[in-house]
Amino acid sequence: MEANVFRFRDARAAPDPVLEAEPVAFGSQPVPLVLDNGSFQARAGWACPGPDPGPEPRLQFRAVCARGRGGARGGPGPQVGNALGSLEPLRWMLRSPFDRNVPVNLELQELLLDYSFQHLGVSSQGCVDHPIVLTEAVCNPLYSRQMMSELLFECYRIPKVAYGIDSLFSFYHNMPKNALSSGLIISSGYQCTHILPVLEGRLDAKNCKRINLGGSQAAGYLQRLLQLKYPGHLAAITLSRMEEILQEHSYIAEDYGAELQKWRCPDYYENNVHKMQLPFSNKLLGSTLTAEEKQERRQQQLRRLQELNARRREEKLQLDQERLERLLYVQELLEDGQMDQFHKALIELNMDSPEELQSYIQKLTLAVEQAKQKILQAEANLEVDVVDSKPEVIPQQLHQSATTSLSCQSALLESSTPDLEQLEPSLEDVESINDFEPLFSEEAPEVEKPVTTVQPVFNLAAYHQLFVGTERIRAPEIIFQPSLIGEEQAGIAETLHYVLDRYPKAVQDTLVQNVFLTGGNVMYPGMKARMEKELLEMRPFQSSFQVQLASNPVLDAWYGARDWALDHLEDSGAWVTRKDYEEKGGEYLKEHCASNTYVPIRLPKQASRASETQTSGRGSGASGSGAGEQA
């Protein structure tokens, strides 16, 4: 195979099996369910106690739904996650419960939770008798948490829930246990990128910053770049394939400008360009088939149609015969005098009289006979076609007859040809003709030569290749330079510098000693080196810093939530119980090392309106008493 040629995997998700619940899940104490509710992918599994807490999450699926035309028509209902298979044919039908990274459509969120509980073997009918650890967005709006708590407590009737931030759970999983770590978390996901300062194990929510760029915007940008580059393959350049290119073929340039200069060198381009092979068919539209091949193909199609028609005739004949036998049985009931059964059979056949029955029997008998004749005639015609297709004359006989006819023709020519010597021209005539040859040389007929048609060499495979060169670094670069796609936002480096400037120098030195990268959008090769270069440029001379990449940027959030659930299973100060929900509302949150900061709802406007109502009531009472005094 040609160098640097890669084929698209076009992976199709397999439907998730309905698993049986873990045996430990039905012990004396319910085992928590851990749900990493991401905007790109949802992950669900058990937080099993013991020395071996279990493998990776039992369930991983795309957080999208597609509503089919179900209901009274009997079609398929809503499809969720991996049950959708390939997403591209359904792209226009896909719905997500998220706006950016915040769940806003609780009806679709309920579908995702139903899918998770069902495939984990948890019956969601009545109640889900397991504590739940659920991830949420940074600085999640109170209304979103209120709707989520209402869904969990009212619909599923869970005993308690704990909310946490996915990137903080990942930080919790990668840091030493029982240590109040400080650091600066850079979390880049599918929709957003966050800069989160953590001081002594707690999130400093006032200085958190968000950039509205992530893997989704990078995939869309890469799709536009390649569609402009290859307008002949617009339909083949899909978002799923762009996500595959981002995950497997893209990288972060340590110095973007210098890397672009390298790509200007032809040798560097030839060695580093990735040629993505699109699927194609070897048969062109104008396929070069000979007349014999076309005739053979027509005969095959005709034979196939004849077999199909014969099969249909036989099936129809069998049905008519069964119907005729039924009618003849009913007629025998009439002849035997069994009138009650005869009348019941007539009612079942939707007939009114024996005459109608007899008429129908005659018509059906005639139809059966005609069908049998058609079948016999079709078989006879098929045999005749097979006989006609055979050659009637063997080659030896054909050669003998051809030789005989040629000898007869030569004898006739010898008998009818005059003396050729009388017709030969003299030498003077030949010389005079040669004098006029230059005048008529253009009109002289030429001997026909066999024309050899040269077919143009066209490499169909090369035509269906996407040369991904500088696009490998341009698409992921948008989180550092949002201006590449026209976004008026600051990149990661500028936002990081802004966050650090909000702290004293001593706190800055503490934070940069633990710069932690997590999220699916930081898995590009070169991401850690780029962040070290950016920090080296913004930090003072000879100052130290350290950048750490999560052990598994995608799954560490779920692992961290599982570890937190096992460590705080008996801690009542970290779980929101049903009693807390009923007393303090759905937006209530108990803070812990991986949670948001709880800010209760304050309603100053309603209080002022109540005071205005009281003052107006007092004023009206005073005016009424004044009016009485005047009276």
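This report walks through the chain's overall make-up, its nonpolar cores, its sheets and a couple of loop residues.

The model is predicted, so read it with these limits: local features need pLDDT of at least 70, side-chain atom pairs count only at pLDDT 80 or more, and totals for chains, interfaces and linings use all residues. Residues are numbered from 1 along each chain as its sequence is written, and side-chain values use heavy atoms, with hydrogens and water left out.

**The chain as a whole**

You are looking at 20 helices and 20 strands. Helices here are DSSP runs of H or I with at least four residues, strands are E runs of at least two, and both are numbered from the N terminus. Of the 631 residues, 38% are buried, where buried means under 20% relative accessible area, exposed means over 50%, and partly exposed is in between (1.4 Å probe, protein chains only). The exposed surface comes to about 38000 Å², with carbon and sulfur atoms supplying 53% of it; these areas come from the Shrake-Rupley method with a 1.4 Å probe, and for residues only the protein chains shown count as cover. Among contacts with a separation of 6 or more, 71% involve residues 24 or more positions apart. Contact means heavy atoms within 4.5 Å.

One stretch carries a label from a record: UniProt (unreviewed entry) annotates residues 291-325 as "coiled-coil region". Such positions are given in the numbering used here, feature names are shortened, and annotations may be inferred rather than shown by experiment. In the model, that span is 100% helix and 0% strand, and its end C-alpha atoms lie 51 Å apart.

**Two nonpolar cores**

In soluble globular proteins, nonpolar side chains tend to be buried together. A nonpolar core is a set of buried Ala, Val, Leu, Ile, Met, Phe, Trp, Tyr and Cys residues joined through side-chain atoms within 4.5 Å. The largest one here has 43 residues, and Leu 226, Ile 492, Leu 496, Met 527 and Met 531 have the most contacts inside it. Elements giving two or more residues to this core include β12 (183-188), α5 (239-249), α15 (492-501) and α17 (527-538). The top contributor is α4, with six residues. As for Leu 496, its contacts beyond four places in sequence are Leu 184, Ile 186, Ile 195, Met 531, Leu 535 and Met 538. Another core, of 39 residues, lies apart from this one and has Ala 44, Trp 46, Ile 132 and Met 148 among its members.

**Strands and sheets**

Trp 46 and Ala 44 bring us to β3 (residues 41-46), where six of six residues are buried. In a regular strand the side chains alternate between the two faces of the sheet. For β3, one side has Gln 41, Arg 43 and Gly 45, the other has Ala 42, Ala 44 and Trp 46, and all are buried. A hairpin of three residues links β2 to β3. Two strands pair if DSSP finds at least two bridges between them, and here are some of the pairs:

| Strand pair | Bridges | Sense | One bridge pair |
|---|---|---|---|
| β2 (33-37) and β3 | five | antiparallel | Asn 37 with Ala 42 |
| β3 and β4 (59-62) | four | antiparallel | Gln 41 with Arg 62 |
| β5 (65-66) and β6 | two | antiparallel | Cys 65 with Val 80 |
| β1 and β16 (274-277) | three | parallel | Val 5 with Lys 275 |

The β5-β6 pair belongs to an open antiparallel sheet of three strands, ordered β6-β5-β7. Its edge strands are β6 (79-80) and β7 (94-95), each pairing on one side only.

The β1-β16 pair sits in another open sheet, ordered β1-β16-β17, with mixed pairing. Why do β1 and β17 each have one side without a neighbour in the sheet? They stand at the edges with a single partner strand each, so one side of each is left free. The average twist is 30° from one strand to the next. Helix α5 packs on this sheet, touching β1, β16 and β17, and its direction makes about 145° with that of β16. That angle is between N-to-C directions on a scale from 0 to 180 degrees, using axes fitted to C-alpha atoms, for helices over the stretch in contact.

**Two loop residues**

Is Gln 191 buried or exposed? At 18% relative accessibility, Gln 191 counts as buried, although its place is in the loop between β12 and β13 (193-199). Beyond four places in sequence, the residues Gln 191 touches include Ser 39, Arg 100, Asn 101 and Asn 212.

Thr 597 is in the loop between α19 (578-584) and α20 (604-630), and is partly exposed at 36% relative accessible area. Its C-alpha atom is 6.6 Å from that of Ala 205, which is 392 residues away along the chain. Thr 597 is also in contact with Leu 203, Ala 205 and Glu 591, leaving aside neighbours within four places in sequence.
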